[in-house]
Amino acid sequence: MIATLEPLSEPRTVVSGETSHLLGAIEAGGTKFLCGVGTGPDNLTSIEIPTTTPAETLASVAAYFKQQQVSRLGLACFGPVDINRASPTYGHITNTPKLPWRDYNIVGHLKKELARPISFDTDVNAAAVAESTWGASQGLANSVYFTIGTGIGGGAIVDGRLIHGSAHPEMGHILIRRHPADTFAGVCPSHRDCLEGLASGPALEARWNQPPTTLPNDHTAWDLEAYYLAQAAFSAALFLSPDAIVFGGGVMRQQQLITKIEIEFEALAAGYLSVLPNLSESRLQHAGLLGALLLAQQ
Ligand SMILES: [Zn+2]
């Protein structure tokens, strides 16, 4: 399934009759939910709600939006999720390691609470759309967005359309070539040493026994991280031939990382690709939340 991507244009406020309605956005993350109301990067107010149990977190989400005059909502959700509208479990979070949320009907719950239409997609698909609308891949027909944080995920836009496939891409779990000096087993509960298992925030913390934010800029951790993330970019370039590849997420706050990734990427490309995609960091503070806002327009 390839969904037509309408909002690759300027954001608009939905108008019904003579009444202008605000749009609501939810970025559901593994550690926090961001809930916002607005029209775009320059007009967005948001709050944070900790991710605990569905009952507790969604009660706070519902309470927030009951105070807002929003006509529609977009929900950009951590995965895996069921985004196939024909599926009986559409709107569910599926096989997440976060057990209270496993097989949870998050869209159903919020629709019941808020009685508003809710558009639903993965957090990385939403972020990919936000980047191509307002961010680092703005206006480009072909782009890939990776988030590198608690987990790793990727979303792709090809010929101006977001790719869903039969479910949604799971680029964070691609298999990569291990660095010869790396003996770390990996943290992915399903695959151990897939990309997420070797290069996510929790993988960095487990390998180096300290939070990634406390690792110095010149630590060898960042060379290894770039070695792995460049492979993700290279695979994306080979599969999809994007104009741009954008990296976001907490781990990318390490500012020298994107330059290291570029160097590793060029080494991997080895002159074989005639056109290299532009690699860059996300330029949006809340790509997932902004993507949710774009979802709400659909
Ligand atoms: Zn994995």
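This briefing looks at one sheet, the helix that packs on it, and one serine. The model is predicted. Its open sheet has five strands with mixed pairing. Ser200 is buried and sits in a loop between two helices, α4 and α5.

**The sheet**
- The strand order is β6-β5-β4-β7-β10.
- β6 (43–50) and β10 (118–122) stand at the edges. Each has a single partner strand, so one side of each has no neighbour in the sheet.
- From one strand to the next, the twist averages 20°.

**Strands β4 and β5**
- β4 covers residues 22–28, and β5 covers residues 32–40.
- The two strands run antiparallel and are joined by six bridges.
- Leu23 stands opposite Gly38, a residue of β5.

**The helix on the sheet**
- Helix α8, residues 287–297, packs on the sheet.
- Helix α8 touches β4, β5, β6, β7 (70–77) and β10.
- The direction of α8 makes about 135° with that of β4.

**Ser200**
- The loop that holds Ser200 lies between α4 (195–199) and α5 (201–208).
- Is Ser200 buried or exposed? Ser200 has a relative accessible area of 1%. Buried means under 20%, so Ser200 counts as buried.
- A polar atom of the Ser200 side chain lies 2.8 Å from the backbone oxygen of Glu196.
- Leaving aside residues up to four places away in sequence, Ser200 touches Gly149, Thr150, Gly151, Ile152, Val187 and Leu195.

Technical notes
Residues are numbered from 1 along each chain as its sequence is written. This is a predicted model: local features need pLDDT of at least 70, side-chain atom pairs count only at pLDDT 80 or more; totals for chains, interfaces and linings use all residues. Side-chain values use heavy atoms; hydrogens and water are left out. Helices (H or I, at least four residues) and strands (E, at least two) are DSSP runs, numbered from the N terminus. Buried means under 20% relative accessible area, exposed over 50%, partly exposed in between (1.4 Å probe, protein chains only). A polar contact is a pair of N or O atoms within 3.5 Å; within protein, one must be able to donate a hydrogen and the other to accept it, and residues adjacent in sequence count only if both atoms are side-chain atoms. Contact means heavy atoms within 4.5 Å. Two strands pair if DSSP finds at least two bridges between them. Axes are lines fitted to C-alpha atoms, for helices over the stretch in contact, and angles run from 0 to 180 degrees between N-to-C directions.
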